[in-house]
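Dear colleague,

Please find below the structure that I would like to hand over to you. A summary of what was found in it follows.

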Amino acid sequence: QVQLVESGGGLVQPGGSLRLSCAASGSILSIRTMAWYRQAPGKERELVASITSGYKNYADSVKGRFTISLDNAETTVYLQMNSLKPEDTAVYYCNSYLTSYSSYSPMNYWGQGTQVTVSS
C-alpha cells in the first residue's frame with residue numbers, strides 16, 4: 001500500500017505565506033514525479049507544480065511565487081507558497097506517479113487534500 005499524507009494548509013491573509021508538505025510512504029519501489037494540484041469550488045483540478053528528475057514545472061499563475069522541492073530522501077515534497085492571493089484559495093492535492101512493489105507499472109496516487117484559504 002502507498003500513502004500520501006499532506007499537511008500545512010490553513011487560513012492566511014493576502015500577501016502571506018504557507019508551506020505544504022506531502023510524505024509518501026509504503027511499498028514504494030521508485031518515484032518518477034511528485035506534484036501539487038489544486039481544485040477551487042466549481043473549477044476543474046489543475047496542476048500547480050511538479051518535479052521530475054530535478055526538473056520543475058509551474059503553472060503560469062504561480063510562477064515566481066510558489067516553489068516546489070523535495071527532501072533528501074525524495075519521498076517528501078514541499079510547496080512553498082509566497083505572496084498568496086485570494087484566487088489561490090483551493091483544496092491542494094499531492095500527487096505522485098510511482099511504481100510500488102505490488103505493481104509492475106507506475107501509477108498515480110493522490111493525497112486526501114488540504115484546504116488553503118486566502119482571505120482578509
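Helices and strands are named here as DSSP runs, numbered from the N terminus, with a strand requiring at least two residues. On that basis, Ser 83 lies in the loop between E8 and strand E9 (90-100). Please note that this is a predicted model.

The sheet

Four strands make up an open sheet, arranged in the order E1-E3-E8-E7 with antiparallel pairing. Strand E1 (2-7) and strand E7 (66-70) occupy the edges; each has a single partner strand, so one side of each lacks a neighbour in the sheet. On average, and ignoring direction, neighbouring strands of this sheet are turned by 15° against each other.

At one of these edges, E7 runs antiparallel to strand E8 (residues 76-81), and five bridges join the two. Within E8, Val 77 is the residue that stands opposite Leu 70.

Two loop residues

Most residues other than glycine have a negative phi. Two residues deserve mention in this respect.

Glu 74, found in the loop between E7 and E8, has a positive phi of about 60° although it is not a glycine. Its relative accessible area is 49%, so Glu 74 is partly exposed; the class ends at 50%, over which a residue counts as exposed.

Ser 83, in the loop that follows E8 and leads to E9, likewise is not a glycine, yet has a positive phi of about 50°. With a relative accessibility of 40%, Ser 83 also counts as partly exposed.

With kind regards

Notes
Residues are numbered from 1 along each chain as its sequence is written. This is a predicted model: local features need pLDDT of at least 70, side-chain atom pairs count only at pLDDT 80 or more; totals for chains, interfaces and linings use all residues. Side-chain values use heavy atoms; hydrogens and water are left out. Two strands pair if DSSP finds at least two bridges between them. Axes are lines fitted to C-alpha atoms, for helices over the stretch in contact, and angles run from 0 to 180 degrees between N-to-C directions. Buried means under 20% relative accessible area, exposed over 50%, partly exposed in between (1.4 Å probe, protein chains only).
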